[in-house]
Amino acid sequence: MNAVSQPLTERPAWKALAAHYQAMRNIHLRQLFAGDSGRGKRLAAEAAGIYLDYSKNRITDETIQLLVQLADECRLRDRIDAMFSGDKINVTERRAVLHTALRAPKDEQIFADGVDVVAEVHEVLDRMSVFSQQVRDGQWLGYTGKRIKNVINIGLGGSDLGPVMAYEALHYYSQRDMRFLFVSNVDGTDFVEATRYLNPEETLFIICSKTFTTLETMVNAHAARAWSLRKLGSEEAVSRHFVAVSANPEEVAKFGIGEANQFGFWDWVGGRYSMDSAIGLSTMIAIGPENFRSMLAGFRAMDEHFRTAPFERNLPALMGLLSVWYINFFGVQTMAVLPYEQYLKYFPSYLQQLTMESNGKHITLDGLPVDYHTAPVYWGEPGTNGQHSFYQLLHQGMQLIPCDFIGFCQTLNPVNGQHDLLMANLFAQTEALAFGKTEQEVKTEGTPDWLAPHRSFEGNRPTNTLLVERLTPQTLGALIALYEHSVFTQGVIWHINSFDQWGVELGKVLAQRMIPELESASEPQLNHDSSTNTLIRRYRQFRA
Ligand code: F6P
């Protein structure tokens, strides 16, 4: 454990930010823009193909200067160096945090426990490439000699959300004569519906699990095996229809998947940071090894930027620090991510695990409870759908909800100028949220006095706009790395461990205890609270 460090709320920059907030809280974005014609251009930064306009935030140059001072006081630069060089910064699990090594170039050397991890990463990448190409080309055949047409990824959390998000995000680049499905839920419906119309002879399962002990994944993996073997008849078929991605080869072997069908990764890759490891095998089969490698190049470009750029121009640092500004000084409790790109429809749910499993913590690295807020709730939907459901609350609700808008200058699917319509909506929303419409303006337009309060918009609602030229494997990689490092920045300021997830354990343990109580033929002795006991009894009574 680290030595106890100065509490965050006692740091000079924190105190200065608290005072600065008092000066800023009633200043409207209208004033900030009116008094500064260069603001929209100046408060912007660009890296790895991503342009970030952060001018529509409730900040001044002084805010940024103080936030950067806070980052310096929290030793963000040292923490970045510690992460990139393989220090065991995941102190509660005593692990290095090296997802950045997953995209390091072949000639780089990064050591964890004395082993050059980059060499291992590239060895696995090369094996993945060969296998993916074989499946894509139809050289890898099923047990009965049929071509593989369906790939089903079985996994959960980071072993599912990354693969499904990346597959959908890069669907444009995917091999169209193959079908990719993702089964995660222990609810049997997920598996049954995914496989309903598929032929086991043409179906390959990728069992993705870092631990290879996750209950849901193992249950689905066994269901998949039974489903395959029912049709294929022989245990020998497993080697043509099952591959595993895991950091636990012993457990994989117990399941019956041989070494040749295993793709490894390492304990220094956190589940929610693993989509660019072998966990991305389904992505690689879908988009091909070359595209996968350009996705890694995008990650790498953002890594380099994060590692080297001054915080004033550093996209992940700026985004992380702006989140801290809103969460800790404005009392913000939720943040929205709004991609104006249909292919990014799963990006918000991917970010939910990345942000909330990483920073939804209340104990510091020193083992003490925090006295400030940490991760907010992240949520979102692709535009323009959200506009016709929850944007009402963003514009006129009682909560301040900072939003990230994500848009692309070029569409992958040009249809009758629809892309301009989409982007007009994005720009219009950020303008409306920032500047609103006063009652006076509404009345001047002819709205009667009684209706004017309903039709006016307070504005002053902050947004970031991320503008990217085109959605490609490379820009997707950069976008994901941007959020990874923004999450890291926040975790450093809050002095928490962004890389463990103890909060998921209790529910798992209690469920294990309950399984026999639900399964047993005779009435079980129940020792829970009266609510849980009653629910279990009622479930047992009516489940038949
Ligand atoms: O839910 C907790 C968790 O450990 C996540 O962090 C992880 O992504 C998920 O479960 C799946 O774990 P595994 O890849 O070991 O099956």
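In the predicted model, a polar side-chain atom of Thr214 is placed 2.5 Å from an oxygen atom of the ligand. For Ser209, the separation between a polar side-chain atom and an oxygen atom of the ligand is 2.6 Å. Gln353 also takes part, with an N or O atom of its side chain 3.2 Å from a ligand oxygen atom. On its own, the ligand has 390 Å² of accessible area, of which the protein covers 87%.

The ligand is surrounded by 14 residues. Ser209 and Thr214 are among the closest of these, together with Ser159, Thr211 and Glu357. Sorted by class, the shell around the ligand comprises 9 polar, 3 charged and 2 nonpolar residues.

The site of the ligand is the largest pocket, whose volume is about 990 Å³. This pocket is lined by 39 residues, and those closest to its centre are Thr211, Thr214, Gln501, Val504 and Lys508. Thr211 and Thr214 thus appear both in this central group and among the residues closest to the ligand. The lining contains 15 nonpolar, 15 polar and 9 charged residues.

Three helices each contribute at least two residues to the lining of the largest pocket: H9 (215–232), H15 (347–359) and H21 (505–519). The largest contribution is that of H21, which supplies 5 residues. Gln353, whose side chain has the 3.2 Å approach to the ligand, falls within the range of H15 (347–359).

Notes:
Residues numbered from 1 in each chain as written. Predicted model: local features only at pLDDT ≥ 70, side-chain atom pairs only at ≥ 80, totals over all residues. Heavy atoms only, no water. Near = heavy atom within 4 Å. Polar contact = N/O pair within 3.5 Å; in protein donor to acceptor, adjacent residues only side chain to side chain. Areas by Shrake-Rupley, 256 points an atom, 1.4 Å probe, with all protein chains shown as cover. 1 Å grid on protein atoms, 1.4 Å probe; cavity = no way out; pocket = protein on both sides within 12 Å on 5 of 7 lines; lining within 4 Å. Sits in = over half its atoms within 2 Å of the grid points. Nonpolar A, V, L, I, M, F, W, Y, C, P; charged D, E, K, R; others polar. Points joined across faces, edges and corners; volume = space filled by probe spheres on them. Helix = DSSP H or I, 4+ residues; strand = E, 2+ residues; numbered from the N terminus.
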